[in-house]
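Work through the exercises below with the sequence and the coordinates side by side. Each task is followed by a solution in steps.

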Amino acid sequence: MNRTTARIISGVLGIALGLLIAFVFFADLNKGEENASSNKSKAEKVFVPYGELDEYYMMASGGHSGQLFVYGVPSMRKIRTVPVFTPDPATGYGYDDKTKEMLGGYTWGDFHHPAISETAGDYDGEFLFANDVGNNRVAAVDLSNFHTTDIMSLPNMGGPHAGVFVTENTEYIALPTRFARPLGDEYAPLDKYEEEYKGVVSMTTFDREKKKFDLAYQVVLPPWSYDLSDAGKKMSSDWIVMTTYNTEFATTNQEINASQHDRDYIVMMNWKKLEEAVKAGAGNDIKGTTMIDPRDVKGAIFAVPVAKSPHGVDVTPDGTRFIAAGKLAPMMTVFSFEKAFEAIEKENFKEETFGIPVLGYEDVMEKEVDPPGALGPLHTQFDDRGNAFNTMFISSEVVKWNIESGEVIDRTPSYFSPGHASATEGDTVSPDGKWLVALNKIAKDNFLSVGPSHPESMDLIDISGEKMEHIMAVPVDPEPHYAQIIHRDKINPIKVYEKDEDRENSVWKQEDARIERKGNEVHIYGIAMRSKFIFDASAERQDAVSVKQGDKVFFHMTNIDLDQDITHGFGINDYNLNFEVQPGQTNTLEFTADKAGVYPIYCTNFCSALHQEMSGYLLVEPK
Ligand code: RUQ
Ligand code: CUA
């Protein structure tokens with residue numbers, strides 16, 4: 001090679017290299033622009049201008065905070081924390097008489113799965129039900145005022161994790177237990193697990209007029225762990241399906257011992273048949289609760305083998321199938337109700353376990369969906385175009401696939417380790433396929449650090465197109481196990497409590513405010529209004545109350561400001577007491593004035609320019 005050739009070659013190479021660098025540089029610049037423009041379009045999708053409102057309410061469980069978190073979707077702005085199983089000092093929930101009684105002395109709960117009341121398989125937006133895995137309770141939140149309206153304790157349960165799910169017309173709110181225990185609070189050693197310990201499903205009903213629960217009956221089952229459940233829809237509306245694990249009856253080291261079998265079961269239970277049997281007098285009385293053994297009712301219970309240790313089970317919107325998510329088996333199994341009904345009809349049973357007929361896996365299974373590399377499916381949600389969405393806890397992603405064909409359509413990362421996901425109107429017979437929120441267990445470095453423990457996170461994903469689009473991640477307090485997203489048109493909260501002169505303990509006219517003494521009980525029928533308290537209209541100082549040390553004091557307070565959002569608080573200095581009265585509401589605070597002295601009372605909720613002046617005195621004369 002002569003010099004000239006060498007120069008030419010090096011020159012050409014130089015130009016090529018220069019072009020390459022320029023190309024890479026501009027390509028990068030382009031990508032930057034592309035990112036900026038896609039970020040802009042993402043931001044536009046979730047920006048709700050001042051004066052406008054979000055399209056959806058997201059009702060997210062607050063897990064072991066015992067609360068309900070209300071978010072707006074798509075902005076993902078948190079709107080409200082509603083205390084359910086846990087006292088809330090800010091609103092005085094658990095301090096006033098009614099809520100204190102409802103909480104029954106408990107100071108925490110573990111709320112996993114919210115379920116909005118349904119009519120014909122559609123969210124009707126009237127009530128929201130919640131389970132307490134920590135202390136075996138079920139609660140109802142009245143969505144006309146976002147207040148918890150009733151809490152009922154459930155006997156014979158060991159953490160109703162697999163609830164709450166409502167049947168198509170909220171006939172029942174079902175809560176299957178996670179841990180087996182001996183019935184009737186009896187004692188039995190763990191060696192007697194298989195004989196003495198029982199799995200139980202609580203079938204509760206809710207009276208919408210009285211806003212009260214009733215425990216209709218309980219179903220006794222083998223001592224398996226019931227993990228998740230769902231109610232059937234349409235053709236399957238008489239049925240409840242439940243996943244189980246620990247069919248091994250492990251009583252120690254469950255991590256290993258409860259994962260031995262290749263298959264666990266999905267239990268299919270016909271609640272209509274059980275209801276009929278209970279009405280006809282079937283069942284035993286266990287300390288006042290009707291306990292029915294479904295094995296005594298023909299056609300009421302069956303087991304379907306499923307890949308080991310399943311987690312979620314979800315019924316498709318059309319009610320034809322139920323889909324189990326694998327947890328330990330990396331796949332979704334689609335089962336057909338029609339096939340199950342056929343096998344039941346023909347009494348095509350493979351065996352019996354614990355006296356329960358077992359259907360053949362192949363006879364009920366329709367397809368297995370196993371996206372390569374997707375690990376740890378936990379829960380399934382749906383859109384309006386025949387697609388399912390699965391959260392993958394281990395591979396941190398959401399997988400979209402077609403229910404009819406089993407074909408995987410798209411996968412998008414979720415940051416990180418999603419548990420449940422919630423689609424708009426996702427549990428109804430008609431999901432609307434607009435948004436999906438993945439509820440992640442781990443946030444890692446997604447947000448500014450607040451120390452070794454981080455918040456949980458939620459990914460907002462646009463599912464309206466063929467491909468999913470990850471829009472953003474937002475932090476959320478621990479721990480949204482599950483959420484339901486309902487269109488705002490279905491929620492109609494009241495503006496104020498209606499004035500009701502017949503309401504117990506209420507006072508509406510300033511001159512009627514009074515103090516009545518009965519022995520050592522002092523009843524104050526008082527008024528809260530902008531910007532004063534009136535306890536005794538006839539007294540020289542209308543906003544002072546004198547009692548004797550040891551007296552039982554009842555502040556019955558009515559907020560007569562019938563204006564939206566004018567809530568008055570009521571804190572008693574140094575008495576560790578606070579509660580609130582919302583516009584038009586009457587509330588009672590009861591306590592024993594055991595400390596003598598002078599205690600200022602003040603409004604704790606900023607209500608007017610003279611809020612600071614809204615105060616009074618509690619004078620406790622020493623004995
Ligand atoms: S569970 S992360 Cu408590 Cu609902 Cu599946
Ligand atoms: Cu009333 Cu502040």
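The exercises go from the chain as a whole to its core and then to its ligand.

This is a predicted model, in which local features need pLDDT of at least 70, side-chain atom pairs count only at pLDDT 80 or more, and totals for chains, interfaces and linings use all residues. Residues are numbered from 1 along each chain as its sequence is written, chains are lettered from A and ligands numbered from 1 in the order in which they are written, and side-chain values use heavy atoms, with hydrogens and water left out.

**Exercise 1.** Describe the secondary structure and burial of the protein chain.

Solution. Begin with the DSSP runs (helices: H or I, at least four residues; strands: E, at least two), which give seven helices and 43 strands. Then turn to burial (under 20% relative accessible area, 1.4 Å probe, protein chains only): of the 623 residues, 56% count as buried.

**Exercise 2.** Which residues touch the most other members of the largest nonpolar core?

Solution. A nonpolar core is a set of buried Ala, Val, Leu, Ile, Met, Phe, Trp, Tyr and Cys residues joined through side-chain atoms within 4.5 Å. Among the 31 residues of the largest one, M203, Y217, V219, M242, L274 and I292 touch the most other members. Next, assign the contributions to elements: α5 gives the most, with four residues.

**Exercise 3.** Which residues surround ligand 1?

Solution. Taking residues with a heavy atom within 4 Å of the ligand, one finds H112, H113, H161, H311, H379, G419, H420, K441 and H481. Sorting this shell by class, with Asp, Glu, Lys and Arg as charged, Ala, Val, Leu, Ile, Met, Phe, Trp, Tyr, Cys and Pro as nonpolar, and the others, Gly among them, as polar, gives no nonpolar, eight polar and one charged residues.

Terms used. Buried means under 20% relative accessible area, exposed over 50%, partly exposed in between (1.4 Å probe, protein chains only).
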